[in-house]
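Please find below a note on the structure, written as numbered points. It may be read with the sequence and the model side by side.

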Amino acid sequence: QHSCASASIVKVGLPLASMAATLEACEYVEARSTSKSSCRTNSTTSDNCSSEAEEDTSSAEDDIPTDLSSLGQPMIEIISPDVAPRGWAVTAVRAFEYMYPLSKKDGDSGAGSAPRLDALDAMRWIGSIQLVIFHMYLFEDVPKSWRRTFTWFSTWTQLFFLLSAFVLAYAEMMRKGKKGAEVSFLKYLRHRLTVIYPSFIFALLLKVAIGAKHTKFEWQMLPLNVLLMQAWFPLVDGHDGGPWLQAWVPDAWFLSILVLYWMILRPLSRFFAQRSLGFCMASLCGCWALSLLPQLFLHDNQLANWVGCKDVGCTTAIFVAIKGGALGYIHVFVAGVAASRVFALTCMCWCPDASCAGGSGKGCFALDSAGTPLLLRFGCCFGYGLYLAGILLTPFLIDDYHIFFHNGGMLPVMLLILLGAAAGSDPIAVWAFRSKPMLLLGRISYNQYLLQSVVHGWVVTSFGWDSTAKALYLPLLLVVAYITQRWVERPYSDYQRWRQAKGIKGCDDRCIEVVDVRCAVRCACC
């Protein structure tokens, strides 16, 4: 990361931060007016109050926050005490702050001395809702003209792998000079599972409790589902003709694959952290080119024909292993790690300023929006524009090249959106992704995707799947996702943080410590 002067840094939310300065000025005006009125009502100290009011008026220009200089004369006139609607101005600014709660943060660094990328959650929700629509409404009474559009929605599955790799690699690469922060492999994996497992096990319990009659194959797959290992092997039910994808929580297969990918995340992050921008860009191009392999292997069962596989079970296992397994998305995950390095080299800088690290004198990373390339500064606009152009102008491509687009072919589009949202200067990221409704939807996006089939099964079992049920399904899914996030995922996360702060160790912590000690002893002997 290059160094940069403070004047060249334009942090996330700077257009929003000016509104906070407006509110401070409005509060100043209100306080000054209150002071004057109180002086007028107190007759015993009228002389002193009049002198104080004159002194207050003379120094008013110096006391108004300096940030108002960037707002221009019209805004200054609005908040002037000579203008009547002062309360309207304060209400408008407060409403703005309610809609944009991150406006005062101004891209502050998080715990890892690196800016928080708040806009990424909303981007994940947009991808998640498209997949929900594809899964639940594609095969219903949908006009043929809309079926291609809904099929394009299915290509957003790869975003989960890309985004997970990007965020986790970003956290690893921003640990500049923090050697003591390194944790063991088992502790790292446990921490990652702590984030995703509560909602998953809740969805699994709901499926067991309210689901229909389950097959023998599903009960055999239950232990693998509990351990999040159901997608590690391309297991197929030979009697019922269904793979593991149809067992229990069908939409949790990507979690099983992520567990495998997390095992190689930190080595990949260390590798790309030492690579140049040119190498990372070449890696992204190579990962995109590898997306042709799933299309080549699975189109018309080419790979099954090459190996002499004829029966349905064998061809289904090959299809599942590539399109819905770890082999089909490894290049997308690697692209996410490489993209994190590209983001650090093009959109960030290191500031050796004590003030940006809470006065610790260690400095911090900052988003250098002024030096961000134009393509990434408006990445969301360009990315979503390309996506819409592909749907509207070339919708037929999804017919013959669905596997290519589904397993990595959308990388250029999603990388533009991802990097644009992370950089924080894109208008969509500033005014849409960082708004309060989108922040809320972003928090429930994981639970929304995970619970879609569970809620759908309950609705079909209880009320059928008529037009009324279809209309109420999405609002109901959002409510259930919010309840799960608020009263299942969040309390468990708070409990884990409390336990860590108190130094309380459970049996899992002790087992991990024993394994780590034994591994350290064996490694020392070797």
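The points below concern a predicted model, and they go from the interior to the surface and then to the charged pairs.

1. The largest nonpolar core has 115 residues, and among these F343 and F433 touch the most other members. Helix α6, residues 120-137, supplies the largest share of this core, with twelve residues. Apart from it lies another core of six residues, which include A304, C309, I322 and I403. As background, nonpolar side chains in soluble globular proteins tend to be buried together.

2. The surroundings of F343 deserve a closer look. If neighbours within four places in sequence are left aside, F343 is in contact with L117, F166, Y170, M348, L367, L419, A422 and A423. Two of these partners, M348 and L367, return in the next point, where M348 stands opposite L367 in strand β3.

3. Strand β2 (residues 348-351) is covered on both faces. On one side M348 and W350 are buried, and on the other side C349 and C351 are buried. Strand β2 pairs with strand β3 (residues 364-367) in the antiparallel sense, over four bridges.

4. The loop between β3 and α18 (374-377) contains S369. S369 has a relative accessible area of 6%, and therefore counts as buried, the cut-off being under 20%. S369 and A423 are 54 residues apart in sequence, yet their C-alpha atoms are 6.9 Å apart in space.

5. A second serine, S445, lies in helix α24 (residues 436-450). S445 is buried because its relative accessibility is 1%. Leaving aside neighbours within four places in sequence, the contacts of S445 are D121, R124, W125 and S128.

6. Where do nonpolar side chains form a patch on the surface? The patch consists of L290, L293, L296, W306 and V307, and together these residues have about 490 Å² of accessible area. One of them, L296, belongs to helix α14 (residues 292-298). With a relative accessible area of 44%, L296 is partly exposed.

7. How many salt bridges does a search of the whole structure find? The search finds ten. One joins D509 and R190, with the closest N and O atoms 3.7 Å apart. This pair links distant parts of the chain, since D509 is in helix α27 (residues 507-525) and R190 is in helix α9 (residues 185-210), 319 residues apart. Both D509 and R190 are buried. They also belong to a network of salt bridges that links R190, R499, D508 and D509.

8. The salt bridge between D494 and R497 has an N to O distance of 2.3 Å. D494 and R497 are three residues apart in helix α26 (residues 467-502), so about one helical turn separates them. D494 is partly exposed, at 34% relative accessibility, whereas R497 is exposed, with a relative accessible area of 52%.

9. K505 and E513 form a further salt bridge, in which the closest N and O atoms are 2.7 Å apart. Are these two residues buried or exposed? K505 is partly exposed, with a relative accessible area of 43%. E513 is likewise partly exposed, with a relative accessible area of 28%.

Methods. Residues numbered from 1 in each chain as written. Predicted model: local features only at pLDDT ≥ 70, side-chain atom pairs only at ≥ 80, totals over all residues. Heavy atoms only, no water. Patch = residues over 30% accessible without salt bridge, like charges linked within 9 Å, V, L, I, M, F, W, Y side chains within 5 Å. Areas by Shrake-Rupley, 256 points an atom, 1.4 Å probe, with all protein chains shown as cover. Salt bridge = Lys/Arg side-chain N within 4 Å of Asp/Glu carboxyl O. Helix = DSSP H or I, 4+ residues; strand = E, 2+ residues; numbered from the N terminus. Buried < 20%, exposed > 50% of the residue type's maximum accessible area, 1.4 Å probe, protein only. Pairing = 2+ DSSP bridges. Core = buried A, V, L, I, M, F, W, Y, C linked by side-chain atoms within 4.5 Å. Contact = heavy atoms within 4.5 Å.
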